[in-house]
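Please open the model in your viewer and keep the selection tool at hand. The tour begins with the whole chain and then moves from one selection to the next.

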Amino acid sequence: MTEQDHFDAGALVAVLTTQPLDRLLDYRAPEGGCFLGAFVEVPLGPRRVLGVVWGPGRGDFDLSRIRSIHRVLDAAPMRAEMRHFLGRVADYTLTPMPAMLRLATRSPGLGDPLSMRKVYRLGHTEPARMTDARRRVLDVLRDYGGLAFTLGELAETAGVTSSVIKGLVKLDAVAEEQSPRDTPYPRLDPDLPGMTLTGDQAAAATQLCVAVRSGAYGTTLLKGVTGSGKTEVYLEAVAETLRRGRQALVLLPEIALTAEFLKRVQGRFGAMPAEWHSGVTMTERRRTWRMVGEGGAQLVVGARSALYLPFRDLGLIVIDEEHDSSYKQEDGVVYNARDMAVLRASLTSAQVILASATPSLESWANVEAGKYDRLTLASRFGAAELPDMSSIDMRTEDLPGNRWISPSLARETAARLEAGEQSLLFLNRRGYAPVTICRACGHQIGCDHCDARMVEHRFLKRLVCHQCGETKPMPAACPSCAAEDRLAPVGPGVERLHEEAAALFPDARIAVLSSDLFGSARALKAKVEEIAAGGADIVIGTQLVAKGHNFPLLTLVGVIDADLGLQGSDLRAAERTFQLMRQVAGRAGRAERPGVALLQTFQPDHPVIRAILSGDEEGFWAAEAAERKQAGVPPYGRMAGIVLSSPDVKAAFDVGGMLARKDAPLRRIGAQVYGPAPAPIARIRGRHRVRLLVKAAKTAPLQSALSAWVAQVKLPANLRLTIDIDPQSFY
């Protein structure tokens, strides 16, 4: 901080608060003054709210009414780079700045005073008398791998009273410690020996380290076939970043991946990094937030929101599985973490590594245009070989209408059981069946609050809406005609596939990996580790299993419905199917045993299926790019999705129609408006949804035109308008 950044006591300062206001608020600097970027608590009406000193005040109203900042929080001030980053993201995504500040301050207890406090960890003894409540406490402490809990956090997570925990402390089953708040994380040693790299791995690592040493911005696509050792390569770039005294951030698409990854980080650097995702305690989130700002955390491993942590000197961002759609946040602040990571790195002179076996077309196009560098790892690490891939033509298989595992796939699975190897049956559908229909009247059971069919989850004995989360017991009679025993499941889900596999292979140990079957991220991690250690013969999974898991005994992947992703009008349907099938197939043959991937399809001659089987990735991307370029759609054009939602369908269509008629600001930049039309899912949580799509040229100033366009219409109180720049889904 410089002298110019300091405001003396009583000086007029502008504060950005986390409240939904459309302007900065003026306050007087408190006794002792404050710095630009300081986190402060300010009075707003009868409340005190969190804010950040954003600059000098304007003083454009009655100065006698201006109140003083209540106090300056004990946290490192927000750096100019971070303030600039939040402003740029706000401008790009058309998000109000208070919402951006909320995203950047998602840490509990920021205003709490620093002090010693009591924390609880797993103790050294097992209680002689074990009750259900005691077991829950000890299970939570084991699940969270030694992380510290406050008394309240542990009691809430385990669902017990604090007296249960205090009783376990007396028995030495739980350790109670005095801990200073928010201590720095153990230092990581970048000079510990890493794994021995192959020739192309070492060459790639060297180039990435040279880029890090340059101290300049750059983005590199690290493309490597599944199992090629991309992680080992980019960990060398992390090591170089740490040697330079800068911080690194590794983003992962799925919390279940963190356990295995953290072990690799610990093995490479001798200590655990900071974590930032929904699976860590509130105490650890607060510690990570503070230590990142103070420089007490060298490396953060986290979910997409870790991008908004207040890094003191961010030198490297790694986006693992960069193609994954979970990097796009679809609610609240709508942003793509991959794209915003590139923006943040450009503001801090940092390097970005985009790692994937199946890159997004956007990244591929940026490489082709010369904006990104590219490094390719062409072979698998060690003795592992890529799986043989072939299709099973379902038109020639003798399969009853209510069965989905073809005789050919069943034979291959039986052979793996005989050899003591694992098989994966992949189906990208959660639950038991996607539709439940009445055979008496034809009624399909839908959600009461959404225009979506309810999915039977037989393990839960309930129907679940995958849009809003609404659940209801499975009815005995049809809700429409009251006919009993006539409700029938239509189509397969992973639970129904489990039922079929159990009938075909009664002696096999079968595990189902689906996100809705696990109560916590830790429970899911534990199941993944159990399977990797050989705890199942057949794994039945959704797309969760495609995300980087390593199952050394897995030698067969059977894709139940390779055609599923090819349905619908999503412009990314072919790309996503290609990526998912290649990723899933890559789970086979990860160790020394050769793997086989079989795709069940009714369209073996479809261009996407042919591209998957041939492995001609460059040919697929070139053909897909040519198609998108001709249509003028991303990444060769710009799009924005506008969703109007309201309890009143007429009000939503009225506003949509008004916007369509007042499209002059968009026509001035050559943009086209499509709609209004009902969104593909026209009602969610009782709100009717109307959609418009805006399409513009790549170089068009889309954001300013959109702002001018929507500003023409005054929205009714109960109507919400959401703008999604670069939409990834079209639901």
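A residue is called buried when its relative accessible area is under 20%, exposed when it is over 50%, and partly exposed in between, as found with a 1.4 Å probe and with protein chains only. By that definition, 55% of the 731 residues of the protein chain count as buried. What you see is a predicted model, in which local features need pLDDT of at least 70 and side-chain atom pairs count only at pLDDT 80 or more, whereas totals for chains, interfaces and linings use all residues. Residues are numbered from 1 along each chain as its sequence is written, and side-chain values use heavy atoms, with hydrogens and water left out.

**The whole chain**

Show the protein chain as a cartoon, and 20 helices and 33 strands can be picked out; helices (H or I, at least four residues) and strands (E, at least two) are DSSP runs, numbered from the N terminus. The radius of gyration is 27 Å, close to the 27 Å that the globule rule gives for 731 residues, so the protein chain is as compact as a globular protein of that length. For that comparison the radius is taken over C-alpha atoms, and the rule is 2.2 Å times the number of residues to the power 0.38. Along the principal axes, the C-alpha atoms fill a box of roughly 85 × 70 × 60 Å. If contact means heavy atoms within 4.5 Å, then residues 24 or more positions apart account for 76% of the contacts with a separation of 6 or more.

**Salt bridges**

Next, turn to the charged side chains, where a search of the whole structure finds 32 salt bridges, each being a side-chain nitrogen of Lys or Arg within 4 Å of a carboxyl oxygen of Asp or Glu. Select glutamate 236 and arginine 268, whose side chains meet in a salt bridge at 2.9 Å, N to O. This pair links helix H7 (residues 230-243), which holds glutamate 236, to helix H8 (residues 258-269), which holds arginine 268, across 32 residues of sequence, and both partners are buried.

Now select glutamate 618 and arginine 374, which also form a salt bridge, with 2.9 Å from N to O. Glutamate 618 lies in helix H17 (residues 617-631) and arginine 374 in strand S18 (residues 373-377), so the pair ties together parts that are 244 residues apart in sequence. Glutamate 618 is partly exposed, at 34% relative accessible area, and arginine 374 is likewise partly exposed, at 28%.

**A charge without a salt bridge**

Which side chain of opposite charge is nearest to arginine 83? Select arginine 83 in helix H1 (residues 80-93), and you will find that this buried residue has no salt bridge, with aspartate 5 as the nearest such side chain, 5.8 Å away. Once neighbours within four places in sequence are left aside, arginine 83 is in contact with Leu36, Gly37, Trp54 and Met78.

**A covered helix**

Finally, select helix H11 (residues 361-368), which is mostly covered, with 7 of its 8 residues buried. The buried residues of H11 include Leu361, Trp364 and Val367, and the elements against which they pack include strand S10 (218-224), helix H10 (337-348), strand S17 (351-356) and helix H15 (573-585). Just after H11, stop at glycine 370, which takes a positive phi of about 85°.

Notes. Lys, Arg positive; Asp, Glu negative; His and termini not counted.
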